[in-house]
Amino acid sequence: MATLRELKGRIGSVASSEKITGAMKMISSAKMHKAEQSLRRLLPFRTQIESIIGNLLTADADFSSPLLEARQIKNVSVVVFGSDDGLCGAYNVNIFKQLLQHLDSLRKKYGQDVTFSIYPVGAKMLKAVSKIAINGIDVVTAEGVDSKTTGDGVRVFVDELQARFLSGDTDKVDILYMSFKSISRQRPVAEQLLPVVAETFSANDVTPSLRPYIFEPDATTIFRSVLPMFIMAVMQDVFTENRASEQAARVMAMQSANDNARKLLDELQLEYNKLRQQSITTELLDILGGQVR
């Protein structure tokens with residue numbers, strides 16, 4: 001049975017843990033709101049460019065772009081987004097499970113001979129995917145790219161993926177990430193980044209207007225200028241969504257840890273009060289016993 005001193009020490013330790021988890025929750029919440037604001041700023045641009053390209057892809061015009069080239073699938077590159085830091089619950093585990101399901105579905109669709117190049121974003125995801133680096137699965141580490149990458153870092157990464165696709169090293173590029181819906185709801189999403197297809201826009205509720213277009217100077221020149229912008233916009237958005245989802249998962253994890261610490265603190269405090277009451281009762285009985293004698 002624990003002594004009063006031991007219980008007091010445990011109460012102090014749990015109380016400190018409660019303060020720490022509470023502080024971490026506040027920090028993660030602030031980071032999540034910052035990422036959420038960035039998403040709001042990016043959304044109009046991505047929505048507009050998706051609408052424009054979605055309409056152009058369905059327009060009656062002759063155009064060509066190497067980023068639209070569909071070919072026989074022999075190698076698929078999958079960019080899977082996770083976190084660099086821990087304490088975010090089952091966030092990385094859920095994404096990793098989704099990755100395994102996605103790889104299985106690709107094998108069923110393109111055959112068992114298809115090979116994969118996995119680009120993990122985030123140290124935790126790199127550690128997870130390294131366990132499946134077997135025959136047919138190659139783990140590629142993009143230098144200088146992590147879950148916190150922004151701006152020029154994202155651009156360099158996108159250029160690398162496009163170069164691999166254009167050179168024929170990979171025939172398809174997919175992105176797998178946790179889409180941010182709210183602080184309590186994130187949804188795993190798998191999207192095709194390359195080659196760019198019309199289904200990408202219809203999947204995002206972009207409805208082509210089917211109006212006639214006049215292209216100036218010509219459709220091919222416009223496409224070859226706009227499509228890289230679209231791919232960059234998508235990747236910027238995904239990096240931001242990943243950060244928002246990670247922090248939302250961490251907020252929920254810290255909230256759960258804080259609630260558990262509070263519950264344990266109440267139980268320890270109750271046990272401490274009972275033990276203290278017993279100690280006082282015992283001392284009173286000893287005093288009364290001495291007076292009687």
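Which residue in strand 5 is the bridge partner of Ser179? The legends below begin with that pair.

**Figure 1. Strand 4 and strand 5 form a hairpin in this predicted model.** The bridge partner of Ser179 is Arg187, in strand 5. Asp174 also has its bridge partner in strand 5, and that residue is Gln192. Strand 4 covers residues 172-182, and its pairing with strand 5 is antiparallel, over nine bridges. Two residues lie between the two strands of the hairpin.

**Figure 2. Five strands make up an open sheet.** The order of the strands across the sheet is 3-2-1-4-5, and their pairing is mixed. At the edges are strand 3 (137-139) and strand 5 (185-194), each of which pairs on one side only. On average, and with direction ignored, neighbouring strands of the sheet are turned by 25° against each other.

**Figure 3. Helix 2 and helix 4 lie across strands of the sheet.** Helix 2 is formed by residues 91-110 and lies across strand 1, strand 2 (115-121), strand 3, strand 4 and strand 5. Helix 2 runs at about 140° to strand 4. Helix 4, residues 152-167, lies across strand 1, strand 2, strand 4 and strand 5. The angle between helix 4 and strand 2 is about 175°.

**Figure 4. Two loops hold residues with backbone details to look for.** One is the loop between strand 5 and helix 5, where Pro195 is found. Leu194 and Pro195 are joined by a cis peptide bond, with an omega of about -5°. The other is the loop between strand 1 and helix 2, which contains Leu87. Leu87 is not a glycine, yet its phi is positive, at about 60°.

**Figure 5. The second largest pocket is lined by 16 residues.** Of these, Lys31, Lys34, Lys148, Arg243 and Gln247 lie nearest the centre of the pocket. Helix 1 (4-57) and helix 6 (219-292) are the elements that give two or more residues to the lining. Helix 1 provides the largest share, seven residues. Sorted by class, the lining has seven charged, five polar and four nonpolar residues. The space in this second largest pocket is about 390 Å³.

**Figure 6. Confidence in the model is highest in strand 1 and lowest in helix 5.** The mean pLDDT is 96 in strand 1 (residues 75-81) and 57 in helix 5 (residues 199-203). The average for the protein is 84, and 89% of the residues score at least 70. Predicted coordinates should not be read in detail where pLDDT is low.

Technical notes:
Residues numbered from 1 in each chain as written. Predicted model: local features only at pLDDT ≥ 70, side-chain atom pairs only at ≥ 80, totals over all residues. Heavy atoms only, no water. 1 Å grid on protein atoms, 1.4 Å probe; cavity = no way out; pocket = protein on both sides within 12 Å on 5 of 7 lines; lining within 4 Å. Points joined across faces, edges and corners; volume = space filled by probe spheres on them. Helix = DSSP H or I, 4+ residues; strand = E, 2+ residues; numbered from the N terminus. Nonpolar A, V, L, I, M, F, W, Y, C, P; charged D, E, K, R; others polar. pLDDT = per-residue confidence, 0-100. Pairing = 2+ DSSP bridges. Axes fitted to C-alpha atoms, helices over the stretch in contact; angles between N-to-C directions. Contact = heavy atoms within 4.5 Å.
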